[in-house]
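User: Please take a close look at a single part of this model, the way its strands are paired, and describe it in one connected answer for someone who works at the bench.

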Amino acid sequence: MYNYSQISHVHFEPTQRCQAACPMCDRTNNSHIKNAEISINQFKQIINSDFVKQLRSFLMCGNHGDPMIAKDTLEMYKWLRYNNEKLHLQMTTNGGGRSDDWWKSLAEIFGEHGKVSFSVDGLEDTNHLYRVNVDWKRVENSMDVFTQAGGKGVWVFLIFEHNEHQVEEAERMAKLFGLEFVRKKSGRWVQSYKNKKVDKKITIKGKEIKPPTEPKHQNKSVNRYDKLIKSHGTFQEYLDKTKIKCKSIDTKEIYISAEGLVTPCCWTAGNLYKVYEKIGQNQIWSYIDDVKNINVLYKPLNEIIEGNFFKKIEQSWNLSSCTQGKSKVCAEKCGTGFDAFGDQWK
Ligand code: SF4
Ligand code: SF4
C-alpha cells in the first residue's frame, strides 16, 4: 500500500468516550464499545518525535468518541506542536464541553497551523435533536472562546429535514464567530448491510430524524442509488464489479483507534465493531490473523503498516467478488462508481 516513511497524515481517535448519542454514530447503542482511551505516555510512544516530524497533518476525530472528552488531548497536541511547528493540527468535535481555559489553550497550540471542526447541526432549538445530549449554550461558548482566542475553525452543519430552514442563519452566525461554514449532506441514508436506502433514523429519545427535502441539501450519490441498482441489479453486484481507488493511498494516511488498532482508514476500523454484528463476523476480520498484530500498543507502527493486514486488504481489491474475498468496505467507500462520502461536501 505504502510504507511507514511515506505516511504524511494521521487520523487518530484518542477516546471512545462521548457525552452525545447521535443516531447515525457507530458508538450509539453499541455494546462492543468499551470506552477505551489512549494516555499521553502511550501517545508519545506511538507517535514518536521522528514520526511527528515527517507528518504534514494530524486529525483527532474517530469512529467512536469525541477528542474534546479525552483526558490528555491538550498534552497530545502540545507534543505534536513541540516536535513539528508547521504540522497542520485538526480536531472534530461536537463542542459541547470543556472550560474556557481549555479552549484558549487549544487555540494557542494550534496557532496559524490548525483548525477545529465544530459539528453543529442547527441552532439553539434544533442542534440537540440529532446531537442528542449536546448542550447548546456550551457549544456557543466553546466556539466563542476558541475564536476570540485567535483559533481558526469551521462550523460543519449536517443538514436534515428539521434544520434545513436554518442553514443560512447558521452561516451568518458562523461568520460572526469568524468561522468558515460547510454544508454537510450525509451519505448514511444508504445502508449497504441492508442493501437499501433508509428514510429515517430514530434517536434514543424517540425523535424521528429524516433527510432534507430540498434537492440542493441532498447527497447526490444517495439520490443516484436507485439508478445504480437499476444498472447493476443489486448494490452487492455493484460492489463486486467496481474498481477501487484507495483514498488513504492518495492521502498517505493511516488511522489509529483508541484501542491502538492501526488500519488504513476509519472505515476499515469501523467495520470491526458494527452494532448489528458479532465481533469477528464482519469480513474485515478475515484479513486479521491476530488482533494484537495490528495493535500499536503491542507492535511497532512501521511493522503494522508494512505487515500482513495492510497487504491483504490491498490484494483483495483485484479479486472477482466480495464472496471471493474482495474487501466490501473498500468497494463501498472507495469504489469508483459511487461516492456518498465525497458527495457529502458537494
Ligand atoms: S458527537 Fe461524534 S462521537 Fe459523539 S455521538 Fe455524535 S457522532 Fe458520535
Ligand atoms: S476503505 Fe479500503 S480502499 Fe478505501 S481508504 Fe480504506 S483501505 Fe483504502
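Analyst: What follows goes through the sheet strand by strand, with the helices that belong to it.

This is a predicted model, in which local features need pLDDT of at least 70 and side-chain atom pairs count only at pLDDT 80 or more, while totals for chains, interfaces and linings use all residues. Residues are numbered from 1 along each chain as its sequence is written, and chains are lettered from A and ligands numbered from 1 in the order in which they are written.

The sheet is open and has eight strands, in the order β6-β5-β4-β3-β2-β1-β11-β12, with mixed pairing. Strands here are DSSP runs of E with at least two residues, helices are runs of H or I with at least four, and both are numbered from the N terminus; two strands count as paired if DSSP finds at least two bridges between them. In general, strands of a sheet pair through backbone hydrogen bonds, either parallel or antiparallel. The edges are held by β6 (180–184) and β12 (262–263), and because each has a single partner strand, one side of each is left without a neighbour in the sheet.

At the β6 end, helix α7 (residues 167–177) packs on the sheet and touches both β5 (153–158) and β6, with its direction at about 170° to that of β5. Contact means that C-beta atoms, placed from the backbone, lie within 7 Å, and the angle, on a scale from 0 to 180 degrees, is taken between N-to-C directions of lines fitted to C-alpha atoms, for helices over the stretch in contact.

Strand β5 pairs with β4 in the parallel sense over four bridges, and here Val 116 faces Gly 153 of β5. Strand β4 (residues 114–119) also runs parallel to β3 (residues 88–93), to which five bridges join it. Across that pairing, Met 91 stands opposite Val 116, and Leu 89 has Gly 114 as its bridge partner. On the way from β3 to β4 the chain passes through helix α4 (residues 100–110), and this β-α-β crossover is right-handed, meaning that, with the strands pointing away from the viewer, the path from the first strand over the helix to the second runs clockwise.

How enclosed are these two strands? In β4, five of the six residues are buried, so the strand is largely enclosed by the rest of the structure. A residue is called buried if 20 or more other C-beta atoms, placed from the backbone, lie within 10 Å of its own. For β3, five of the six residues are buried, so it too is largely enclosed by the rest of the structure.

Continuing through the sheet, β3 pairs with β2 in the parallel sense over four bridges, with Met 60 opposite Met 91. Met 91 thus has Met 60 facing it in one pairing and Val 116 in another. Together, β2, helix α3 (residues 73–83) and β3 form a right-handed β-α-β unit. Finally, four bridges connect β2 (residues 57–60) with β1 (residues 9–12), again in parallel, and His 11 has Leu 59 of β2 as its bridge partner.

Technical notes. Two residues are in contact if their C-beta atoms, placed from the backbone, lie within 7 Å. A residue is buried if 20 or more other C-beta atoms lie within 10 Å of its own, exposed if 12 or fewer, and partly exposed in between; C-beta atoms are placed from the backbone.
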